[in-house]
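Biologist: Please take me closely through the salt bridges of this model, and through the packing and the confidence of the parts around them. I would like one connected account rather than a list.

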Amino acid sequence: MVGFLTYLVPKRFRKKELVIPVVRMHGAIMAGGNQFRPALNLASYAPLLEKAFALKDAPAVAISLNSPGGSPVQARMIYNRIRQLAEEKDKKVLIFVEDVAASGGYMIALAGDEIIADPTSIVGSIGVVSGGFGFPEMLRKIGVERRVYTAGENKVILDPFQPEKEGDIEYLKSLQVEIHNIFIDMVKMRRGSKLKGDETIFSGLFWTGMRGLDLGLIDGLGDMREVLRRRYGTKVKLQLVSGGRTLFGKKVPGVNAALDVNAERLAAGAVSGLAEVAEEKALWSRFGL
């Protein structure tokens, strides 16, 4: 309410504050998500990004990033949207890494004109990983026979209920190499001459913010408030960009806000949610988090 009343005061009588919009991007990067467990993807964050870049008087948009990675597709889509908006609105993008910006999280960080991290943040992991489980022996032991009928000899490639095949693994690795090369090209394009000639940069290793600075993966060390005050003055105001709210502070319902009471969908959602939790847990645990 105070913010609303401020706009009723003529500009010449308001305190001169420079407002910098802040978007918090936290979590594993994956498609889907719901109102109970939102995911880090373009569909969830596009409205917030549009809102942040729409603030006319702001010279920059600050993004608080904390992600262990996930879907390379969603990471690239978020990266592209940030760069498109930055160019359209002529604003700088400052990325502030919290615990981690690794793998797809670092891909998003590349959208920043500058990347700033804490000395103890984790950055890097420029590589591609795929994982899963195999159950052919378990099925045999419990007397279950796998029956699959396909049109197309490769339709059940990497089926977890069948023994691994060398040809399947080679094909998967060829896809990983393609994605890895795209990632490498993005890093080289965005970081350019800042990168040090260290052959381990693109090996999938990850480093602390301090070592990342030495390697040229980031531009500086510090926290958001400290850096922005130093750059734009002590009167700078950080404005967190969030979803719309009503006059009384309640969240405005979005496309995912209505509860679906269908029992089958709720059950399916619960199972899917458990799988997503396990996947997200695995992503964070790779970095000791």
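**A salt-bridge network and its surroundings**

Modeller: Searching the whole structure gives 9 salt bridges, a salt bridge being a side-chain nitrogen of Lys or Arg within 4 Å of a carboxyl oxygen of Asp or Glu. This is a predicted model, in which local features need pLDDT of at least 70 and side-chain atom pairs count only at pLDDT 80 or more, while totals for chains, interfaces and linings use all residues. Residues are numbered from 1 along each chain as its sequence is written, and side-chain values use heavy atoms, with hydrogens and water left out.

I begin with Asp 113, whose side chain forms a salt bridge with that of Arg 83, at 3.6 Å from N to O. Asp 113 sits in the loop between α4 (104–109) and β4 (114–117), whereas Arg 83 belongs to helix α3 (residues 72–89), so this pair ties together parts 30 residues apart in sequence. Helices (H or I, at least four residues) and strands (E, at least two) are here DSSP runs, numbered from the N terminus. Arg 190 also forms a salt bridge with Asp 113, with the closest N and O atoms 4.0 Å apart. Because Arg 190 lies in helix α6 (residues 166–191) and Asp 113 in the loop between α4 and β4, this second pair ties together parts 77 residues apart in sequence. Arg 83, Asp 113 and Arg 190 are thus linked in a network of salt bridges.

The members of this network are not equally accessible: Arg 83 counts as buried at 12% relative accessibility, while Asp 113 is partly exposed at 27% and Arg 190 is partly exposed at 24%. Buried stands for under 20% relative accessible area, exposed for over 50%, and partly exposed for what lies in between (1.4 Å probe, protein chains only).

Helix α3 also carries Tyr 79, which is buried at a relative accessible area of 5%. Apart from neighbours within four places in sequence, Tyr 79 is in contact (heavy atoms within 4.5 Å) with Met 107, Leu 110, Ala 111, Met 186, Met 189 and Arg 190, the last of these being a member of the network.

A separate salt bridge joins the side chains of Arg 230 and Glu 226, at 3.0 Å from N to O. These two residues are 4 apart in helix α8 (residues 224–232), and so are separated by about one helical turn. Arg 230 is exposed at 56% relative accessibility, and Glu 226 is partly exposed at 36%.

Turning to the packing, the largest nonpolar core (buried Ala, Val, Leu, Ile, Met, Phe, Trp, Tyr and Cys residues joined through side-chain atoms within 4.5 Å) has 46 residues, and Ile 82 and Tyr 106 are among those with the most contacts inside it. The elements that each supply at least two residues of this core include α3, α4, β4 and α6, and α2 gives the most, with 7 residues. A second, separate core of 11 residues includes Ile 20, Ile 116, Met 224 and Val 227.

As for confidence, the mean pLDDT (the predictor's confidence in each residue, from 0 to 100) is 81, and 73% of the residues reach 70 or more. Confidence is highest in β4, at 97, and lowest in helix α1 (residues 2–6), at a mean of 54. Over residues 245–261 pLDDT stays under 50, and the model has 15 contacts beyond four places in sequence for that stretch.
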